[in-house]
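Here are my notes from a pass through this model, jotted down point by point. Have the structure open while you read.

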Amino acid sequence: MLAEGGPSRTLLGRVALPEVRDRFSYHLNRSLAEQLGEGGAPEFRLEVGTRLERDSLAITQDDAITRIRLTAVADWALYRAGTAEPLLGERTVSQSGYNSTASLFATREVSRDVERRLARDLGERIARRLLARAETIAAAAGS
């Protein structure tokens, strides 16, 4: 997809990444930057809205939660700079789970690690989708 002279390379460094609002969006932004590069004068802007959902999967008889599923949802859209109509947009979902422990510190650390992995996965999925459609995006934008 990123072969020398390939159409996907036309997006590299030309996409303004979403702003960082919290720890999750920071990791998402870093993942997108690794895949798409960071440009000085981007021709496109990427807007991403995210949310995290936690579900209890395993509960003991004394109501202790032992397994938690974390679902990360990203609704994103790519715009040509200065326009309000998106060129491409979708919803991307990623899931992972972790075990809670008797240690609050260990459970928080594992939760943060899962959040980092989910943000990275979402960034990679979004970037792959954009790069796969780079030729279409460039044609629609008139590039």
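The points below deal with helix 1 and then with some of the salt bridges.

1. Before anything else, keep in mind that this is a predicted model. Every distance and accessibility quoted here is computed from that model.

2. Let's begin with helix 1, which covers residues 23–36. Does its length add up, and what should its 14 residues span? At 1.5 Å a residue they should cover 20 Å, and the end C-alpha atoms do sit 20 Å apart, so expectation and model agree.

3. Both ends of helix 1 deserve a look. At the N-terminal end, Asp-22 acts as the cap, with a side-chain oxygen 3.3 Å from the backbone nitrogen of Phe-24. Past the other end comes Gly-37, which has a positive phi, near 80°.

4. Which residues of helix 1 are buried? The list runs Phe-24, Ser-25, Leu-28, Asn-29, Ser-31, Leu-32, Ala-33 and Leu-36. You'll spot Ser-25, Asn-29 and Ser-31 in there along with the Leu residues. For the spacing, recall that an α-helix has 3.6 residues a turn, so residues three or four places apart point the same way.

5. On to the charges: how many salt bridges does the model have? The count is 15. One of them pairs Arg-30 with Glu-38, whose closest N and O atoms are 3.2 Å apart. Arg-30 is partly exposed at 29% relative accessibility, while Glu-38 is exposed, at 56% relative accessible area.

6. The pair I'd point you to next is Glu-34 and Arg-120, a salt bridge with its closest N and O atoms 2.7 Å apart. Because Glu-34 belongs to helix 1 and Arg-120 to helix 2 (residues 104–132), this contact ties together parts that are 86 residues apart in sequence. Arg-120 comes out as partly exposed, with 37% relative accessibility.

7. Glu-109 and Arg-112 also meet in a salt bridge, at 4.0 Å from N to O. That value deserves a second glance, because the cut-off is within 4 Å. The two sit three residues apart in helix 2, so about one helical turn separates them. Both partners are partly exposed: Glu-109 has a relative accessible area of 33%, and Arg-112 has 35%.

8. Finally, there's a network to click through: Arg-23, Arg-54 and Glu-115 are joined into one by salt bridges that share partners.

Conventions: Residues are numbered from 1 along each chain as its sequence is written. This is a predicted model: local features need pLDDT of at least 70, side-chain atom pairs count only at pLDDT 80 or more; totals for chains, interfaces and linings use all residues. Side-chain values use heavy atoms; hydrogens and water are left out. A salt bridge is a side-chain nitrogen of Lys or Arg within 4 Å of a carboxyl oxygen of Asp or Glu. Buried means under 20% relative accessible area, exposed over 50%, partly exposed in between (1.4 Å probe, protein chains only). Helices (H or I, at least four residues) and strands (E, at least two) are DSSP runs, numbered from the N terminus. The expected span of a helix is 1.5 Å times one less than its number of residues. A polar contact is a pair of N or O atoms within 3.5 Å; within protein, one must be able to donate a hydrogen and the other to accept it, and residues adjacent in sequence count only if both atoms are side-chain atoms.
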